[in-house]
Amino acid sequence: MKFFLTIYICSVVSQQCAQVPMEKHQYDRFYKTHYGCIQKGLGESYSILFDGKVFQADQIESLELYPKFSCDKLKIKEKPEA
C-alpha cells in the first residue's frame, strides 16, 4: 500500500483551492506510510508558502492564503509471479 500526497493552496478571499503546479514546486508524491506522507505534506506546505519562491508575503496577506493537503491511500496490485 502507498499514500499519494497532493498539496493545495487555498484562499480565504476567493474561497477556492488549487493544486500547486509541479513547475512551481516539485515534491515527492508517493510514500510508503501515512506518517511519512503527513510529515512531508506539512513540511512541503510550509516551504511552498514561506520560502519566497512561489509566493511573496504580500500575496499571502492580500489573498489570505493557507495550505491544505491530502494523503490518499492507494492499493497497489502486485504482479503475479510467472
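Trainee: Let's start with the link of C10 and C17: is it right-handed or left-handed?

Mentor: Right-handed, with 110° about the S-S bond. Keep in mind as we go that this is a predicted model.

Trainee: What does a disulfide amount to, in general?

Mentor: It's a covalent bond between the sulfur atoms of two cysteines. Here the one joining C10 to C17 has an S to S distance of 1.9 Å.

Trainee: How many disulfides turn up in the whole structure?

Mentor: The search finds two. The other is formed by C37 and C71, with their sulfur atoms 2.1 Å apart. Its torsion about the S-S bond is about -100°, so this disulfide is left-handed. C37 lies in helix α1 and C71 in strand β4, so the pair ties together parts that are 34 residues apart in sequence.

Trainee: And which pattern do the disulfides follow?

Mentor: Count the bonded cysteines along the chain and you get 1-2, 3-4.

Trainee: How do I read burial at those cysteines? Take C10: buried or exposed?

Mentor: Look at relative accessibility, where buried means under 20%. C10 has 1%, so it counts as buried. Its partner C17 has 38%, so that cysteine counts as partly exposed. In the other pair, C37 is buried with a relative accessible area of 0%, and C71 is buried with 16%.

Trainee: On to strands. What do the side chains do in a regular strand?

Mentor: They alternate between the two faces of the sheet. In this model, you can look at β1 (residues 2–11) and β2 (residues 16–19), which run antiparallel and are joined by four bridges. To get the register by eye, find Y8, which stands opposite Q19 in β2.

Trainee: How many residues lie between β1 and β2 in the hairpin?

Mentor: Four, and in that turn sits Q15.

Trainee: What should I look for in the backbone angle there, in general?

Mentor: Most residues other than glycine have a negative phi. Q15 goes against that, with a positive phi near 55° and no glycine to its name. This residue is in the loop between β1 and β2, and at 72% relative accessibility it counts as exposed.

Trainee: What is the phi of E64, then?

Mentor: About 50°, so again positive although E64 is not a glycine. You'll find E64 in the loop between α2 and β4. At 41% relative accessibility, E64 counts as partly exposed. There's a positive phi after α1 too: G52 follows that helix with a value near 80°.

Trainee: Since you mention α1, how many residues does it have?

Mentor: It has 17. A quick check on a helix is to set its span against the value expected at 1.5 Å a residue: α1 reaches 24 Å from first C-alpha to last, close to the expected 24 Å.

Trainee: Which residues of α1 are buried?

Mentor: They are G36, C37, G41, E44, S45, I48 and L49. What covers them includes β1, β3 (30–31), α2 (57–63) and β4.

Trainee: A glutamate in that list! What is the nearest side chain of opposite charge to E44?

Mentor: It's K40, 4.1 Å away. A salt bridge needs the atoms within 4 Å, and E44 has none despite being buried. Beyond its neighbours within four places in sequence, E44 is in contact with I7, H25, Q26 and Y27.

Trainee: And what is L49 in contact with?

Mentor: Setting aside neighbours within four places, the contacts are I9, F55, I60, L65, Y66 and P67. L49 is buried, with a relative accessible area of 4%. Sequence and space are worth reading side by side: L49 and I9 are 40 residues apart in sequence, and their C-alpha atoms are 8.4 Å apart.

Trainee: How about I38, and which residues does it touch?

Mentor: I38 is in helix α1 as well, and it is partly exposed at 28%. Not counting residues up to four places away, it touches F69 and C71. Now try the sequence-and-space reading on I38 and Q26: they are twelve residues apart along the chain, and 16 Å separates their C-alpha atoms.

How values were computed:
Residues numbered from 1 in each chain as written. Predicted model: local features only at pLDDT ≥ 70, side-chain atom pairs only at ≥ 80, totals over all residues. Heavy atoms only, no water. Disulfide = S-S within 2.5 Å. Buried < 20%, exposed > 50% of the residue type's maximum accessible area, 1.4 Å probe, protein only. Helix = DSSP H or I, 4+ residues; strand = E, 2+ residues; numbered from the N terminus. Pairing = 2+ DSSP bridges. Expected span 1.5 Å × (residues − 1). Contact = heavy atoms within 4.5 Å. Lys, Arg positive; Asp, Glu negative; His and termini not counted.
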